[in-house]
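Colleague: Got a minute? I'd like to talk through this model with you.

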Amino acid sequence: MPKTKAGKRASKPPKKPRAASAPKVVGAANAAESAPPKPVEVAVTPAKGRPMLHWVGKRPLSRVRFFPAQHMEAFEARGAAPARAEDWAEWPAGYPKGGLLFHGDNKEVLGHLLASGFRGKMNLVYIDPPFDSGADYVRKVSLRGPKGTAKIEGETYSLGEQIQYTDIWANDNYLQFMYERLMLLKELMATDSAIYLHADPSKNYLLRSLMDEVFGQDCFTNEIVWWYWNKFQGNVNHFAMNHDTIFCYRKGLPPFHKVLEEREAIVRQLKRAWDPIKGMLVNVRDEKGNIVYQDRGEKTVDDVWRISMLQPADETENLRYQTQKPEELLSSIVGSSSNPGDLVLDCFVGSGTTAAVAQRLGRRWIAADINKGAIQTTSKRLQSIIAEQGEAKGTGKLPGMEAKDAPPAPAQASFTVWRVNDYDLAIQHNEAVNLACEKLGVERKKTDAFFEGTLGKSLAKIVPFGHPLTPVDLEEIKRELEARPEEDRPVGVVALGVEIAARAWVEDWNRLRKGIDAVNRFTVIDLRTDPKHGGFLRHEPARAKVKIARRKDTIVIEIEDFVSPTIIERLREQAGILKPKIDDWRAMVDYVMVDPAYDGNVFKVSVSDVPERRTDLVAAKYEIPAPKGETTVAVKLVDMLGEEVLITKHLEALRG
Ligand SMILES: C[S@@+](CC[C@H](N)C(=O)[O-])C[C@H]1O[C@@H](n2cnc3c(N)ncnc32)[C@H](O)[C@@H]1O
């Protein structure tokens, strides 16, 4: 297990905590409202540019648009210690002092942070971007409860896999995507700070060149090889691929604490390179009496990190987010390259590993992801960790840890969730795109990062279903076609709803494309009205029956029933003609949160019932102190597919 030089280990993460109970509400509603007006665009300083990588369609990034963020949720542990004032002295006005979790495209999130006073504030950045692997990453979803809570003739259900994000790019688009994010990250980094970029062999050589170009070759600090010997990679015709690469670049002189690891009884039987290391080893006899050499004791970790992959059977840390990294890996990065109280940023946070480790190690954190499932997973994970830290308050250590191993005190006991633009769909965007392609008969082309594939002789473009087709979307398609001068196929634009201005735009566009000039004509398929293709995206929302009542000075909440037609439908698909049977509705519910004084805007988490193990169920009954005056109580249920149901009830003031 890695340790920092000071003898303080960079944490073996403790066991997952019990459900958080009745933490208190965090402060300001939309605090950002009181902040000074924001610029519309923010400037980005040029890349170092030597050496320089070239790709088709390379565009410099000198300015980035500002988008406002909407405050969605707030969580604070009950009885939390006040944040250390010195850590937060330069925190931009308008943000609560605590972790910040952003749901949105990270280009927009990073632009938002730059315009909101975070320029030059990050002490450490870690990113683990998609690898351009051509894969659809999935989160494995199953129902809660002991085996048999839900079954088809004795078989326990799994809801299968939920596509979290699609990792398909043309090489050039991928490089532009990464270039822009790296440029923005550089702006956000403090004068003395470090950035770690996680890559795999498919793209690491290009990403290192990009890092050189953006940060300058002289900022290169390390190439770390993460060797995860225990993940089987097909090795029939070649050597097994068992490592990722993590590049470290730094600005100025950031902190660095050596990482120590306990190496126990690694038997050295090296045939090569033997002499130079022989003197460092201890010889002992094995069970047959032969002399073998062992490398024991505490060692300073070098740039090859031997850390196990997360194991499928690990019920504690493994959150079934396919690309989830082990906390031990992040502990080495955060523990070595930042100090307690420092600000750590991860804008591809996935299941929340970086935020979790920063929280455990007493660092402040900001995280972002485009995927709703990632935001929900991270939020749930951080609620548990903060609640656990709250429970450990006063003992100076976390459950399951020796006193000498106690990590630094938490830098915050709260976090807030924000949304930059609307990536929150009734059903998962990628799943919806896949479904649409299937129903329309789109032939997928996984190497094209812009068009989803072909529909007959046309290129197919699916406009995100979160908004109707607008002229802005059409302009984007136009720009893409301009970058492909040889492309002469017509384009089928698929959308859920079409703005009137977009119809006029398409008419104008097609008017100019007649006869021999008839290249790239547009046809719009509106799934909301299309008699042939529409209809399949109709979504029947999940429903809950919840009793909420005032009893003297408490509020009693009782969830009586919950139904998710989407979950039932999935089970039905699996079961064929058999009828799915769910004995306890709680099998469908992942977690429950309560806000006893909901303002209709920000959901302030006061009770968070996040069962520890997958076999545990939510309590479904809660009794909490009631505000004296009239109040609106809100109960949020999140199901196993991530769909949220919000139930609210207005309660009169206590009489007498
Ligand atoms: C390799 S995973 C990160 C896994 C993470 N390190 C963990 O331990 O769970 C990459 C993440 O980047 C997110 N992502 C991809 N494109 C994004 C974008 N444009 N903005 C924000 N997040 C993005 C994906 O949703 C995914 O969760």
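Modeller: Sure, here's a quick run through the ligand site and then a sheet.

Modeller: It's a predicted model, so to speak of local features we need pLDDT of at least 70, and side-chain atom pairs count only at pLDDT 80 or more, while totals for chains, interfaces and linings use all residues. Residues are numbered from 1 along each chain as its sequence is written, and side-chain values use heavy atoms, with hydrogens and water left out.

Colleague: Which residues come nearest to the ligand?

Modeller: Asp 128, Tyr 321, Ser 351, Thr 353 and Asp 369, out of 21 around the ligand (a heavy atom within 4 Å).

Colleague: And what lies 3.1 Å from a ligand nitrogen atom?

Modeller: A backbone N or O atom of Ile 370. That's a polar contact, meaning a pair of N or O atoms within 3.5 Å. Asn 106 also has a polar backbone atom 2.9 Å from a ligand nitrogen, and for Asp 105 a polar side-chain atom lies 3.3 Å from one.

Colleague: How much of the ligand does the protein bury?

Modeller: 96% of the 610 Å² that the ligand exposes taken alone (Shrake-Rupley, 1.4 Å probe).

Colleague: New topic: what's the strand order in the open sheet?

Modeller: β31-β29-β33-β34, with antiparallel pairing; strands are DSSP E runs of at least two residues, and two of them pair if DSSP finds at least two bridges between them.

Colleague: Which strands stand at the edges?

Modeller: β31 (607-609) and β34 (644-651); each has a single partner strand, so one side of each lacks a neighbour in the sheet.

Colleague: How many bridges join β29 to β31?

Modeller: Three, and Met 593 has Ser 608 in β31 as its bridge partner.

Key. Polar contact = N/O pair within 3.5 Å; in protein donor to acceptor, adjacent residues only side chain to side chain. Helix = DSSP H or I, 4+ residues; strand = E, 2+ residues; numbered from the N terminus.
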